[in-house]
Amino acid sequence: MFDLLLNVLLGSIICILGLLIWLKQKITLIHKYHYKNVKEKDKKAYTRLMGIAMFLMGLGCVLNGVINFYTRSQSGRLYFSLGFLAGMVLVFYAQFKYNQDLF
């Protein structure tokens with residue numbers, strides 16, 4: 001039960017932050033050095049990609065907890081892994097495309 005609550009709570013927080021970055025374009029929720037080289041005209045596209053990435057990671061975390069709890073197995077790890085991997089690919093893509101560097 002603790003694992004379910006922890007995964008759902010943490011995943012929900014990450015999803016909410018991702019939605020704020022994506023839909024509300026709150027770039028300040030990302031650390032300054034990650035977007036210091038992003039041009040003003042590219043900030044909308046950058047926040048879109050970074051927000052979607054965070055949302056996917058959070059969703060994977062939520063699904064991990066829910067699936068593991070209800071199936072009594074560890075098969076939810078697949079969804080966590082897929083969400084995290086897809087999110088990281090988007091983060092790296094956005095960083096190199098719009099910030100010209102990882103940091």
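Me: Is L63 buried, partly exposed or exposed?
Reply: This is a predicted model. L63 lies in helix α3. Buried would need a relative accessible area under 20%, and exposed one over 50%. L63 has 31%, so the class is partly exposed.

Me: Which residues form the nonpolar patch on the surface?
Reply: The patch has about 430 Å² of accessible area together. Patch members need over 30% relative accessible area, and L63 has 31%. The residues are L59, L63, L78, Y79 and L82.

Me: Which helix gives the most to the nonpolar patch?
Reply: Two helices, α3 (43-71) and α4 (77-99), each supply at least two residues of the patch. The top contribution is three residues, and that comes from α4.

Me: How many helices does the protein chain have?
Reply: Strands number zero. Along the sequence the pattern reads α-α-α-α. The helix count is four.

Me: What box do the C-alpha atoms of the protein chain fill?
Reply: The protein chain has 103 residues, and buried residues make up 35% of them. The box is taken along the principal axes. Its dimensions are roughly 45 × 20 × 20 Å.

Me: Are α1 and α3 roughly parallel or roughly antiparallel?
Reply: Helix α1 covers residues 2-23 and packs against α3 with the axes 7 Å apart. The angle between them is about 165 degrees. Angles over 145 count as roughly antiparallel. Therefore α1 is, relative to α3, roughly antiparallel.

Me: Is the crossing of α1 and α3 left-handed or right-handed?
Reply: The two helices pack at about 165 degrees. Where α1 passes α3, the crossing is left-handed.

Me: Which residue forms a salt bridge with K43?
Reply: The structure holds one salt bridge. A nitrogen of Lys or Arg must lie within 4 Å of a carboxyl oxygen of Asp or Glu. Here the closest N and O atoms are 3.4 Å apart. The partner of K43 is E40.

Me: Is E40 buried or exposed?
Reply: Its salt-bridge partner is K43. K43 has a relative accessible area of 21%, so K43 is partly exposed. E40 has 63%, and the cut-off for exposed is over 50%. E40 is therefore exposed.

Me: What is the relative accessible area of G58?
Reply: G58 is found in helix α3. Buried means under 20%, and G58 is buried. The value for G58 is 0%.

Me: What distance separates the C-alpha atoms of G58 and R77?
Reply: Along the chain, G58 and R77 are 19 residues apart. In space, their C-alpha atoms are separated by 13 Å.

Me: What is phi of Q25?
Reply: Most residues other than glycine have a negative phi. Q25 is not a glycine, yet its phi is positive. Q25 lies in the loop between α1 and α2 (32-35) and is partly exposed at 37%. Its phi is near 55 degrees.

Me: Where is R72, a residue with a positive phi?
Reply: R72 has a phi of about 55 degrees, although it is not a glycine. With a relative accessible area of 65%, R72 is exposed. Its place is in the loop between α3 and α4.

Terms used: Residues numbered from 1 in each chain as written. Predicted model: local features only at pLDDT ≥ 70, side-chain atom pairs only at ≥ 80, totals over all residues. Heavy atoms only, no water. Patch = residues over 30% accessible without salt bridge, like charges linked within 9 Å, V, L, I, M, F, W, Y side chains within 5 Å. Areas by Shrake-Rupley, 256 points an atom, 1.4 Å probe, with all protein chains shown as cover. Salt bridge = Lys/Arg side-chain N within 4 Å of Asp/Glu carboxyl O. Buried < 20%, exposed > 50% of the residue type's maximum accessible area, 1.4 Å probe, protein only. Axes fitted to C-alpha atoms, helices over the stretch in contact; angles between N-to-C directions. Parallel < 35°, antiparallel > 145°, perpendicular 65-115°, else oblique. Left-handed = near helix turned anticlockwise from the far one by under 90°.
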